Amino acid sequence: AFADGIFEAAGLETRAVAVESARVPSRAQRPAYSALASEKLQTFGLAARPWQAALRDYLKSKGHIA
């Protein structure tokens, strides 16, 4: 989903292909599920904005999109 979001925001007509992590050789062990939780930001009066908006702003700041 995130990789496809990058391609879409950049105006690229391509899609990522999901691959099971077991098929990618790596010496590091990876957890089966490692989603980033942002709920604790609320403790500090902060909130994470949608990643799509942050991605667009980043791509704009680097000159990749207008």
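Lys62 is placed in the segment that follows helix H2, and with a relative accessible area of 48% this residue is partly exposed, because the exposed class begins only over 50%. The structure described here is a predicted model, and its chain holds two helices and zero strands. The points below go from the chain as a whole to single residues and the contacts they make.

**Overall form of the chain**

- The chain has a radius of gyration of 16 Å, whereas a compact globule of 66 residues would have one near 11 Å.
- Taken along the principal axes, the box filled by the C-alpha atoms of the chain has dimensions of roughly 40 × 35 × 15 Å.
- Of the 66 residues in the chain, 6% are buried, and a residue belongs to that class when its relative accessible area is under 20%.
- The surface that the chain exposes comes to about 6,300 Å², and 55% of this area is supplied by carbon and sulfur atoms.

**Helices and the residues placed by them**

- Helix H1 covers residues 2–9 and helix H2 covers residues 51–61, with a loop between them in which Ala18 is found.
- Arg56 is found in helix H2, and its relative accessibility of 40% makes this residue partly exposed.
- Although Arg56 and Ala1 are 55 residues apart along the chain, their C-alpha atoms are separated by 15 Å.
- Lys62, in the segment after H2, is 26 residues apart from Leu36 along the chain, and the C-alpha atoms of these two residues are separated by 24 Å.

**The loop between H1 and H2**

- Ala16 lies in the loop between H1 and H2, and at 37% relative accessibility it counts as partly exposed.
- The C-alpha atoms of Ala16 and Asp4 are separated by 6.0 Å, while the two residues are twelve residues apart along the chain.
- Ala18 has a relative accessibility of 79% and therefore counts as exposed, since that class takes in values over 50%.
- Between the C-alpha atoms of Ala18 and Phe7 there is a separation of 14 Å, and these residues are eleven residues apart along the chain.
- Val19 also has its place in the loop between H1 and H2, and its relative accessibility of 49% puts this residue in the partly exposed class, because a value has to be over 50% to count as exposed.

**A nonpolar patch on the surface**

- Val17, Val19 and Val24 together make a nonpolar surface patch with an area of about 290 Å².
- Val19, one of the residues of this patch, can be part of it because its relative accessibility is 49% and patches are made of residues with over 30% relative accessible area.

**Charges and the salt bridge**

- The chain carries 9 positive and 6 negative charges, and the mean positions of these two groups are 9 Å apart.
- When the whole structure is searched for salt bridges, one is found.
- Arg49 and Asp57 form a salt bridge in which the closest N and O atoms are 2.6 Å apart, and this pair qualifies because the nitrogen has to be within 4 Å of the carboxyl oxygen.
- Arg49, on the positive side of this pair, is partly exposed with a relative accessible area of 47%.
- Asp57, on the negative side, is likewise partly exposed, with a relative accessible area of 39%.

Definitions and conventions. Residues are numbered from 1 along each chain as its sequence is written. This is a predicted model: local features need pLDDT of at least 70, side-chain atom pairs count only at pLDDT 80 or more; totals for chains, interfaces and linings use all residues. Side-chain values use heavy atoms; hydrogens and water are left out. Helices (H or I, at least four residues) and strands (E, at least two) are DSSP runs, numbered from the N terminus. Buried means under 20% relative accessible area, exposed over 50%, partly exposed in between (1.4 Å probe, protein chains only). Patches are made of residues with over 30% relative accessible area and no salt bridge: like charges are joined within 9 Å, nonpolar side chains (Val, Leu, Ile, Met, Phe, Trp, Tyr) within 5 Å. Accessible areas come from the Shrake-Rupley method with a 1.4 Å probe; for residues, only the protein chains shown count as cover. A salt bridge is a side-chain nitrogen of Lys or Arg within 4 Å of a carboxyl oxygen of Asp or Glu. The radius of gyration is taken over C-alpha atoms; the globule rule is 2.2 Å times the number of residues to the power 0.38. The place of a charge is taken as NZ of Lys, CZ of Arg, CG of Asp or CD of Glu.
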